[in-house]
Amino acid sequence: MASSKLTKRFLDTNILVYSLDLSVENRQKHRASLEILRPSSTEILCISSQIVGEFYAVVTRTLFLANPLTPQETINRIERLLQMPHIELLSMSDAVFQQWLKLIKTNPVTGAKVFDVMHVATMIEHGITSIYTFNVDDFNWCAEIEIISPS
(Lines give C-alpha, C1' and ligand atoms only; values in the text may rest on other atoms or scores of the structure.)
Protein backbone atom coordinates (compact mmCIF):
# COMPACT_ATOMS: atom_id res chain seq x y z
CA MET A 1 0.00 0.00 0.00
CA ALA A 2 2.41 2.72 1.15
CA SER A 3 5.56 3.28 -0.81
CA SER A 4 8.56 5.43 0.09
CA LYS A 5 7.88 7.43 -3.08
CA LEU A 6 4.46 8.51 -1.82
CA THR A 7 3.92 11.48 0.46
CA LYS A 8 1.89 10.72 3.57
CA ARG A 9 -0.61 13.38 4.60
CA PHE A 10 -2.92 13.33 7.61
CA LEU A 11 -6.66 13.93 7.17
CA ASP A 12 -8.53 16.00 9.73
CA THR A 13 -12.03 14.77 10.52
CA ASN A 14 -13.66 17.72 8.76
CA ILE A 15 -12.39 16.53 5.36
CA LEU A 16 -14.32 13.27 5.79
CA VAL A 17 -17.40 15.05 7.12
CA TYR A 18 -17.57 17.60 4.29
CA SER A 19 -17.27 14.77 1.78
CA LEU A 20 -20.82 13.84 2.90
CA ASP A 21 -22.21 17.35 3.35
CA LEU A 22 -24.48 18.11 0.40
CA SER A 23 -25.75 21.44 1.75
CA VAL A 24 -25.66 24.42 -0.58
CA GLU A 25 -23.59 26.51 1.85
CA ASN A 26 -20.86 23.84 1.99
CA ARG A 27 -20.84 22.83 -1.67
CA GLN A 28 -17.28 24.12 -2.24
CA LYS A 29 -15.95 22.26 0.82
CA HIS A 30 -17.80 19.13 -0.30
CA ARG A 31 -16.17 19.23 -3.73
CA ALA A 32 -12.73 20.01 -2.29
CA SER A 33 -13.05 17.08 0.13
CA LEU A 34 -13.99 14.68 -2.64
CA GLU A 35 -10.97 15.86 -4.65
CA ILE A 36 -8.66 15.18 -1.70
CA LEU A 37 -10.17 11.73 -1.16
CA ARG A 38 -9.78 10.77 -4.82
CA PRO A 39 -7.00 8.19 -5.17
CA SER A 40 -3.65 9.73 -6.04
CA SER A 41 -0.42 8.34 -7.42
CA THR A 42 1.58 10.74 -5.23
CA GLU A 43 0.15 10.50 -1.73
CA ILE A 44 -1.20 8.26 0.99
CA LEU A 45 -3.95 9.74 3.16
CA CYS A 46 -3.54 8.83 6.80
CA ILE A 47 -6.15 8.73 9.54
CA SER A 48 -6.18 7.47 13.10
CA SER A 49 -8.78 5.57 15.07
CA GLN A 50 -9.58 8.89 16.76
CA ILE A 51 -10.40 10.45 13.38
CA VAL A 52 -12.69 7.50 12.63
CA GLY A 53 -14.42 7.90 16.01
CA GLU A 54 -14.87 11.65 15.54
CA PHE A 55 -16.27 11.04 12.04
CA TYR A 56 -18.80 8.56 13.44
CA ALA A 57 -19.86 10.99 16.18
CA VAL A 58 -20.34 13.90 13.77
CA VAL A 59 -22.12 12.24 10.84
CA THR A 60 -24.68 10.44 12.99
CA ARG A 61 -25.93 13.74 14.52
CA THR A 62 -28.31 16.31 13.07
CA LEU A 63 -26.20 19.09 14.59
CA PHE A 64 -23.73 18.81 11.69
CA LEU A 65 -25.61 17.17 8.83
CA ALA A 66 -29.17 17.90 7.77
CA ASN A 67 -29.57 14.20 6.93
CA PRO A 68 -27.30 12.30 9.31
CA LEU A 69 -26.28 8.76 8.57
CA THR A 70 -27.58 5.83 10.56
CA PRO A 71 -25.04 3.95 12.63
CA GLN A 72 -25.01 1.10 10.07
CA GLU A 73 -24.55 3.50 7.14
CA THR A 74 -21.66 5.12 9.00
CA ILE A 75 -20.02 1.77 9.74
CA ASN A 76 -20.36 0.82 6.06
CA ARG A 77 -18.71 4.08 4.98
CA ILE A 78 -15.88 3.61 7.46
CA GLU A 79 -15.26 0.06 6.24
CA ARG A 80 -15.23 1.22 2.60
CA LEU A 81 -12.87 4.07 3.47
CA LEU A 82 -10.44 1.70 5.17
CA GLN A 83 -10.46 -0.61 2.13
CA MET A 84 -9.26 2.17 -0.17
CA PRO A 85 -5.64 1.49 -1.22
CA HIS A 86 -4.50 5.08 -0.62
CA ILE A 87 -5.89 5.28 2.94
CA GLU A 88 -3.73 4.20 5.87
CA LEU A 89 -4.99 3.73 9.42
CA LEU A 90 -2.28 4.80 11.86
CA SER A 91 -1.83 3.10 15.21
CA MET A 92 -2.47 4.97 18.44
CA SER A 93 0.46 3.58 20.38
CA ASP A 94 1.89 4.40 23.80
CA ALA A 95 4.49 6.51 21.97
CA VAL A 96 1.66 8.61 20.49
CA PHE A 97 0.21 9.07 23.97
CA GLN A 98 3.60 10.11 25.37
CA GLN A 99 4.03 12.60 22.49
CA TRP A 100 0.55 13.97 23.20
CA LEU A 101 1.38 14.40 26.88
CA LYS A 102 4.57 16.23 25.97
CA LEU A 103 2.68 18.51 23.56
CA ILE A 104 -0.07 19.45 26.02
CA LYS A 105 2.55 20.29 28.65
CA THR A 106 4.19 22.78 26.29
CA ASN A 107 0.94 23.86 24.53
CA PRO A 108 -1.82 23.69 27.13
CA VAL A 109 -5.31 23.64 25.64
CA THR A 110 -8.83 23.31 26.96
CA GLY A 111 -11.91 21.45 25.83
CA ALA A 112 -12.11 19.78 22.45
CA LYS A 113 -8.81 21.28 21.28
CA VAL A 114 -7.16 18.42 23.15
CA PHE A 115 -8.17 16.19 20.22
CA ASP A 116 -6.28 18.37 17.73
CA VAL A 117 -3.19 17.98 19.88
CA MET A 118 -3.67 14.20 19.68
CA HIS A 119 -3.79 14.47 15.88
CA VAL A 120 -0.47 16.33 15.91
CA ALA A 121 1.05 13.76 18.28
CA THR A 122 -0.06 10.97 15.95
CA MET A 123 1.45 12.79 12.98
CA ILE A 124 4.77 13.40 14.72
CA GLU A 125 5.11 9.81 15.88
CA HIS A 126 4.39 8.50 12.39
CA GLY A 127 6.69 10.98 10.64
CA ILE A 128 3.88 12.84 8.86
CA THR A 129 4.53 16.53 8.34
CA SER A 130 1.32 17.80 6.68
CA ILE A 131 -2.41 17.79 7.34
CA TYR A 132 -5.44 18.49 5.19
CA THR A 133 -7.96 20.54 7.17
CA PHE A 134 -10.51 23.31 6.80
CA ASN A 135 -9.75 24.35 10.39
CA VAL A 136 -6.37 26.00 9.92
CA ASP A 137 -6.54 27.84 13.26
CA ASP A 138 -6.72 24.52 15.12
CA PHE A 139 -3.15 23.71 14.08
CA ASN A 140 -1.41 27.09 13.72
CA TRP A 141 0.34 26.60 17.06
CA CYS A 142 2.45 23.74 15.69
CA ALA A 143 5.43 24.87 13.62
CA GLU A 144 6.43 21.26 12.86
CA ILE A 145 3.54 20.61 10.48
CA GLU A 146 2.36 22.04 7.19
CA ILE A 147 -1.33 22.91 7.16
CA ILE A 148 -3.01 22.40 3.81
CA SER A 149 -6.40 24.11 3.58
CA PRO A 150 -8.38 23.09 0.51
CA SER A 151 -10.57 26.18 0.69
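## Around the largest pocket and its helices

In this predicted model, three helices each contribute at least two residues to the lining of the largest pocket, namely helix 1 (13–18), helix 3 (49–59) and helix 6 (113–125). The space in this largest pocket amounts to about 490 Å³, and 19 residues line the pocket, among which Thr13, Asn14, Val58, Phe64 and Asn135 are the closest to its centre. When the lining residues are sorted by class, eight of them are nonpolar, four are polar and seven are charged.

To place these helices in the whole chain, it helps to step back to the overall fold. The protein contains six helices and five strands, and a reader who follows the sequence from its start meets them in the pattern β-α-α-β-α-α-β-α-α-β-β. Because a compact globule with 151 residues would have a radius of gyration near 15 Å, the 15 Å of this protein agrees with that expectation. Along the principal axes, the C-alpha atoms fill a box of roughly 40 × 40 × 30 Å.

How, then, do the helices pack against one another? Two packed helices are described by the angle between their axes and the distance between the axes. Helix 3, which helps to line the largest pocket, packs with helix 4 (residues 71–83) at an angle of about 145°, and the axes of this pair lie 10 Å apart. The contact brings together Val52, Phe55, Tyr56 and Val59 from helix 3 with Pro71, Thr74, Ile75 and Ile78 from helix 4, and, taken by class, seven of the residues in this contact are nonpolar, one is polar and none is charged. The crossing of helix 3 and helix 4 is right-handed.

Helix 3 also meets helix 6, and here the two axes come within 10 Å and cross at roughly 145°. On the side of helix 3 the contact is made by Gln50, Ile51 and Glu54, while Phe115, Met118 and His119 take part from helix 6. Sorted by class, the contact of helix 3 with helix 6 has three nonpolar residues, two polar residues and one charged residue.

Key
Residues are numbered from 1 along each chain as its sequence is written. This is a predicted model: local features need pLDDT of at least 70, side-chain atom pairs count only at pLDDT 80 or more; totals for chains, interfaces and linings use all residues. Side-chain values use heavy atoms; hydrogens and water are left out. On a 1 Å grid over the protein atoms alone, a cavity is a set of points where a 1.4 Å probe fits but cannot get out, and a pocket is an open set with protein on both sides within 12 Å along at least five of seven lines; lining residues have an atom within 4 Å of a point. Grid points are joined across faces, edges and corners, and a volume is the space filled by probe spheres set on the points. Helices (H or I, at least four residues) and strands (E, at least two) are DSSP runs, numbered from the N terminus. Ala, Val, Leu, Ile, Met, Phe, Trp, Tyr, Cys and Pro count as nonpolar, Asp, Glu, Lys and Arg as charged, and the others, Gly among them, as polar. Axes are lines fitted to C-alpha atoms, for helices over the stretch in contact, and angles run from 0 to 180 degrees between N-to-C directions. A crossing is left-handed if the near helix is turned anticlockwise from the far one by less than a right angle, and right-handed if clockwise. Contact means heavy atoms within 4.5 Å. The radius of gyration is taken over C-alpha atoms; the globule rule is 2.2 Å times the number of residues to the power 0.38.
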